[in-house]
Amino acid sequence: EGHRVPRRDGRLLTMRWRLTYLASQRGRRGFCSVVTQQIQRFCEKPQRGITLAEMVSVGQASDMQSALTENAQMLHKELPVRLARRINELQKMPYGLSEMAPVQKVRGWYVRSFNDLISMREPQTMEEEQAFTACLEKILKRHSAVVPTMAQGIMMLKEQMGDDAVRKCPFLQDFLDRFYLSRIGVRMLLSQHVALHEPAEGFIGILGESVCPGDEAEAAVAHATHVCEARYGCCPTVEIRGDVEERIPYVPGHLHHMLHELLKNAMRAVVETHAPHLRPNGGHSAEGVSDSLPPIDITIAAGQSDFHIRIADQGGGIPRSQIANIWNYMYTTAERPKEQVLKRCLIMSPLSERVCVSVCVPTMLPCNISFSMHMPTPS
């Protein structure tokens, strides 16, 4: 059979144990072969687009249980297709990335989740729908570490090939875009269905019916300030102005995450530009430094059909020569220890299927940079 059979005390195992061992290996290969065939079959199926309006309509149905069952039936058909496509791509990555232990771990999670879904019959009753929802909760928990685990695999590849070679690989950039966008979509579908079982005032699943971007900005500022002070011992102040009382339907967790990531970058740039003697965890005194740092401005503007949030800082700007690199997963100006996990958080707007983030480097103010988040709102 081509297998090396384990030995014990320098002797071959008994023939009976040997046959049992080889049979188990054949059984494992047979199981893997069946799953592989199923994955390939689902890869060939078309992926159905699901709008936010469809997701919201489930939570507004008069017969909630029937609506949940119908939604579960749709997810039972749709989720395996999406997972199968990612599994297929994870298996075909170049430069040996597919063989990296972290990538293999991620692929294993996707295969297990795929197998969990296709092993369940399509929900028809309330009990079956509840069992299906429990399966979705298990998948959400299982996939919670996908982003940092994938990043570990990419770090291993960078150590083998070098930063420049990995950064210039167009396939890897395109793959990660598809992979993370798909992950956001899948988690949106999973989280929405699970959240509909736990109704909360002002929410339809995970969608807030009246989210205040001003409040989310304040919460993100508090969170980012804590991170900045823990790292440098000081932090610039943040001023929020504009339509701070306006409200929009949105997923508050997504908005908070976007604001938090942008604010962390802005705060780091301001501190390192205006207090260069303060290195991360460097032990230098930062007493009184915060008062001397230029503030970060957040401007909130509501339009008739969209919403804008601009974050502007005086952190030194971005050289024009590096503008093309800022969306590259491999590019960073931050100092990091060798084992630090790289992470690029790309959050897609559930309302428009994208978030438009424009980067402005004014020629008259070379020390300033502003990020503007454009979020179309439903009519």
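Biologist: Before we begin, by what rule do two aromatic rings count as a pair here, and how many aromatic pairs does that give?

Modeller: Rings of Phe, Tyr and Trp, the last taken by its six-membered ring, pair if their centres lie within 6.5 Å. The model we are looking at is a predicted one. By this rule the count of aromatic pairs comes to five.

Biologist: Is the pair of Tyr-110 and Phe-179 stacked, edge-to-face or tilted?

Modeller: The ring centres of Tyr-110 and Phe-179 are 5.7 Å apart, and the planes meet at 40°. Planes under 30 degrees apart would count as stacked and those over 60 as edge-to-face, with the rest left as tilted. The angle of 40° falls into that remainder, so the pair of Tyr-110 and Phe-179 is tilted.

Biologist: Which helices does this pair tie together, and how many residues apart in sequence are the parts?

Modeller: Tyr-110 belongs to helix α4, which covers residues 101–118, while Phe-179 belongs to helix α8, which covers residues 170–195. The pair therefore ties together α4 and α8, in parts whose separation in sequence is 69 residues.

Biologist: Are Tyr-110 and Phe-179 buried or exposed?

Modeller: Buried means a relative accessible area under 20%. Tyr-110 has a relative accessible area of 4%, and Phe-179 has one of 0%. Both values lie under the cut-off, so Tyr-110 and Phe-179 are buried.

Biologist: What kind of aromatic pair do Phe-179 and Tyr-180 form, and which residues make up the aromatic cluster?

Modeller: Phe-179 and Tyr-180, both of them buried, have ring centres 5.5 Å apart and planes at 75°, which makes the pair edge-to-face. One aromatic cluster takes in these two rings together with others, and its members are Tyr-110, Phe-171, Phe-175, Phe-179 and Tyr-180.

Biologist: Turning to helix packing, are α3 and α4 roughly parallel or roughly antiparallel?

Modeller: Helix α3, residues 64–91, packs with α4 at an angle of about 155°, and the axes are 9 Å apart. Their crossing is left-handed. Angles over 145 degrees count as roughly antiparallel, and α3 and α4 are therefore roughly antiparallel.

Biologist: In which sense does strand β7 pair with β5, and which residue in β7 stands opposite Ile-240?

Modeller: Strand β5, residues 238–242, and strand β7, residues 296–302, are joined by five bridges in the parallel sense. Within this pairing, the residue of β7 that stands opposite Ile-240 is Ile-298.

Biologist: How many bridges join β7 to β8, and which residue in β8 is the bridge partner of Ile-300?

Modeller: Strand β8, residues 306–313, runs antiparallel to β7, and six bridges join them. The two strands are also linked by a hairpin through three residues. Ile-300 has its bridge partner in β8, and that partner is Ile-309.

Biologist: Which strands stand at the edges of the open sheet β3-β4-β6, and why is one side of each left without a neighbour in the sheet?

Modeller: The three strands of this open sheet pair in the antiparallel sense, in the order β3-β4-β6. Two bridges join β3 to β4, and the latter spans residues 207–211. A strand at an edge has a single partner strand, so one side of it lacks a neighbour in the sheet, and the edge strands are β3 (203–204) and β6 (248–250).

Biologist: How many Å apart in space are Gln-38 and Ala-84?

Modeller: Gln-38 is found in helix α1, residues 15–43, and at 23% relative accessibility Gln-38 counts as partly exposed. Although Gln-38 and Ala-84 are 46 residues apart in sequence, their C-alpha to C-alpha distance is 8.5 Å.

Note on methods: Residues are numbered from 1 along each chain as its sequence is written. This is a predicted model: local features need pLDDT of at least 70, side-chain atom pairs count only at pLDDT 80 or more; totals for chains, interfaces and linings use all residues. Side-chain values use heavy atoms; hydrogens and water are left out. Helices (H or I, at least four residues) and strands (E, at least two) are DSSP runs, numbered from the N terminus. Buried means under 20% relative accessible area, exposed over 50%, partly exposed in between (1.4 Å probe, protein chains only). Two strands pair if DSSP finds at least two bridges between them. Axes are lines fitted to C-alpha atoms, for helices over the stretch in contact, and angles run from 0 to 180 degrees between N-to-C directions. Angles under 35 degrees count as roughly parallel, over 145 as roughly antiparallel, 65 to 115 as roughly perpendicular and the rest as oblique. A crossing is left-handed if the near helix is turned anticlockwise from the far one by less than a right angle, and right-handed if clockwise.
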